[in-house]
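This report describes the fold of one chain in some detail and then turns to its contact with a second chain. The text is best read with the structure open alongside.

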Amino acid sequence: MKTPASVPGARILALGEHRPATVVTNHDLAARMDTSDEWIRSRVGIASRRFAGPNESVVDMAVAAGGKALAASGLSAADVDLVLVATCTMPSPMPTAAPQVASRLGIRAPGAYDVNAACAGFCYGLSAAASAVTTGAARNVLLVGAEKLTDWVDPTDRSTAIIFADGAGAVVVGPAATPEEVGIGPVAWGSAGDRMDTIHIKDRRSFLWQEGQAVFRWATTALAPVALEACERAGIAPGELAAFVPHQANLRIIQAIARTLGAPDALVATDIVDAGNTSSASIPLALARMAQRGDLPSGAPVLLLGFGAGLTYAGQVVLTP
Amino acid sequence: MANEEIRAGLAEILEEVAGVLPGDVSEEKSFTDDLDVDSLSMVEIALAAEERFGVKIPDDELANLRTIGDAVGFIEKAQAAA
C-alpha cells in the first residue's frame with residue numbers, strides 16, 4: 001500500500017451563502033401566535049429570520065449556496081472530488097442531499113454523502129473535508145450546511161417557531177497555500193448521548209422539541225471548555241482570534257460562551273439577529289456575512305463552534321479565505 | 001449560612017443577571033410574576049447561586065422555586081445536607 005506522495009494541509013478557499021427570499025419579522029409571528037417582538041428579542045435575540053418557500057427544498061438551497069462557493073473559489077466542477085452536505089432536515093432519509101447537489105452543480109461522480117450531527121453538523125463536516133484533503137482522498141471538497149427547519153417545527157409552537165429558520169451556507173475546502181500552512185485546525189469534538197432527550201424530533205410525524213432550560217444550561221457551561229480546547233489544539237491563544245463564529249442558536253448562549261472564552265478582540269458573530277437559528281447552516285452563513293462585510297482580512301484565525309442535538313459538539317480554528 | 005445572608009447573596013445575583021433592584025427582593029416575591037425574570041435568566045441565576053453557595057440546583061428543582069423564599073429555603077436545606 002501507499003499514500004499519495006505529497007499531502008498538503010487544508011484550508012477554506014471560498015464561501016457561499018443562500019438566504020431564502022421571505023423575511024419573517026417578530027411582528028409577523030406576533031400576528032399568528034401569542035408572542036411579541038420584545039419577548040422574542042429578549043429571550044433569543046432574533047429580530048427576523050428567513051423562511052424557504054413551499055417549493056424550495058434543502059437541496060435547492062444547498063445548490064444555491066454551493067454554486068456560489070464554487071464560483072467564488074475560481075475552481076471548476078471537475079476540480080471537486082467530494083461533496084458533503086451537513087443537514088438534519090431532509091424530508092426523507094434517502095436519497096441523501098449530497099449526490100443531488102453534486103449532480104445539479106455539474107460535479108461529475110464525486111464522493112458524496114450527508115453529515116448529520118444536527119446543529120454541530122457543519123463543524124463535523126469541516127473536519128471530514130479537511131481530512132479528505134490532507135489524506136489525499138480529495139483534491140477539493142464542497143461542504144454545504146443546508147437546513148429547512150420550518151418543515152420540522154410546529155408553526156404554532158411559540159417556543160420553537162420563533163427560533164428556527166431556513167438557509168444554506170457553503171465552503172470549498174482545498175489545499176493550503178504552502179505545505180507548512182494549516183488552514184483548518186484539529187477538531188475538538190464530542191457527544192453526550194445520555195442527553196438525547198434534550199433536543200429531538202421523535203419520529204416522522206413529530207415536530208422539533210427542546211428542553212429550553214436544559215439546553216441553555218448545557219450550552220452556557222459545557223461549551224466554553226470545548227472552544228478553549230479547539231484553540232489549544234490549533235496552537236492559537238483565544239486573545240489571538242480575529243473572530244468567534246459559534247452556531248447561531250440563541251444570542252444569549254453566544255454571548256455567554258464569548259464572555260467565558262476570553263477573546264476580547266475577537267468579533268463575535270451575531271448573524272442570528274436576522275437569520276434565526278438555521279442549525280448546520282448557521283456557521284457558514286455567519287462566516288460568509290463577515291467576509292462579505294470585509295470584517296476579516298484573509299488568513300485571519302477564526303474559531304468555529306457547532307453544538308446541538310445528540311448532544312453533539314465540535315469546534316476548530318480556521319483561517320479565513 | 002444564615003437565611004439573611006443567602007437572601008442578600010441572591011439579591012446581588014439577581015441584580016447582576018437580571019437587573020433586579022435589591023430593594024425589590026423580598027421573601028414573597030415571585031421571580032417570574034413580580035421580578036420579571038425569564039426562564040433562561042432563571043438558569044443563569046441558578047448557575048451563579050450554585051457557585052456562590054456551593055449547592056446543586058437541577059432544572060427539575062429549579063422549576064419548583066417560584067419565590068425568593070422558595071429559593072432561599074432550597075439553598076439553606078441543600079447547604080445543610082452537604
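Helix H9 (residues 282–292) of chain A lies across S1, S6 and S7 of chain A and runs at about 90° to S1(A). This description, like everything that follows, concerns a predicted model. The three strands under H9(A) belong to an open sheet of five strands in chain A, whose order is S1-S7-S6-S4-S5 and whose pairing is mixed. Strand S1 (10–18) and S5 of chain A stand at the edges of this sheet with a single partner strand each, so that one side of each is left without a neighbour in the sheet. On average, and with direction ignored, neighbouring strands of the sheet are turned by 20° against each other. Within the sheet, S6(A) and strand S7 (residues 166–175) of chain A run antiparallel and are joined by eight bridges, and A:Val141 has A:Val173 in S7(A) as its bridge partner.

**Chain A as a whole**

Chain A contains nine helices and 14 strands. Its radius of gyration is 18 Å, close to the 20 Å that the globule rule gives for 321 residues, so chain A is as compact as a globular protein of that length. The C-alpha trace of chain A spans about 60 × 45 × 40 Å along its principal axes, and buried residues account for 56% of the 321 residues. Of the contacts in chain A between residues at least 6 apart in sequence, 78% join residues at least 24 apart.

**Strand S14 and its partners**

Strand S14 (residues 312–319) of chain A is mostly covered, with eight of its eight residues buried. In a regular strand the side chains alternate between the two faces of the sheet. In S14(A) both faces are covered, since A:Thr312, A:Ala314, A:Gln316 and A:Val318 are buried on one side and A:Tyr313, A:Gly315, A:Val317 and A:Leu319 are buried on the other. S14(A) runs antiparallel to strand S8 (residues 188–191) of chain A, to which four bridges join it, and also antiparallel to strand S13 (residues 301–308) of chain A, with eight bridges. A:Gly315 illustrates both pairings: A:Ala188 stands opposite A:Gly315, and A:Gly315 is likewise the bridge partner of A:Leu305. The hairpin of S13(A) and S14(A) has three residues between the strands, and in this hairpin A:Gly310 takes a positive phi near 145°. A:Gly310 is also joined to A:Leu311 by a cis peptide bond, with omega about -10°, and A:Leu311 lies in the loop between S13 and S14 of chain A.

**Helix H4 and the loops around it**

Which residues of helix H4 (residues 97–104) of chain A are buried? They are A:Ala97, A:Ala98, A:Val101 and A:Ala102, and they cover an arc of only 130° around the axis, which puts them on the same side of H4(A). The elements of chain A that cover these buried residues include helix H3 (58–73), strand S4 (82–86), strand S5 (111–115) and strand S6 (141–148). In the loop between S4 and H4 of chain A lies A:Pro95, and the peptide bond from A:Met94 to A:Pro95 is cis, with omega near -5°. H4(A) is followed by A:Gly106, whose phi is positive, near 75°.

Most residues other than glycine have a negative phi, and most peptide bonds are trans. Two alanines of chain A have a positive phi, and the table sets out their values and places.

| Residue | Phi | Loop in chain A |
|---|---|---|
| A:Ala109 | near 55° | between H4 and S5 |
| A:Ala118 | about 50° | between S5 and helix H5 (121–134) |

Are these residues buried or exposed? A:Ala109 counts as exposed because it has 9 C-beta neighbours inside 10 Å, whereas A:Ala118 is buried, with 25 other C-beta atoms within 10 Å.

**The contact with chain B**

The contact between the chains takes seven residues from chain B and nine residues from chain A. On the side of chain B that touches chain A, helix H2 (39–53) and helix H3 (59–62) of chain B each supply at least two residues, and the largest share, four residues, comes from H2(B). By class, this side of chain B has four nonpolar, one polar and two charged residues.

Definitions and conventions:
Residues numbered from 1 in each chain as written. Chains lettered and ligands numbered in written order. Predicted model: local features only at pLDDT ≥ 70, side-chain atom pairs only at ≥ 80, totals over all residues. Contact = placed C-beta atoms within 7 Å. Nonpolar A, V, L, I, M, F, W, Y, C, P; charged D, E, K, R; others polar. Rg over C-alpha atoms; globule rule 2.2 N^0.38 Å. Buried ≥ 20, exposed ≤ 12 C-beta atoms within 10 Å, placed from the backbone. Arc of directions from axis to C-beta. Pairing = 2+ DSSP bridges. Axes fitted to C-alpha atoms, helices over the stretch in contact; angles between N-to-C directions.
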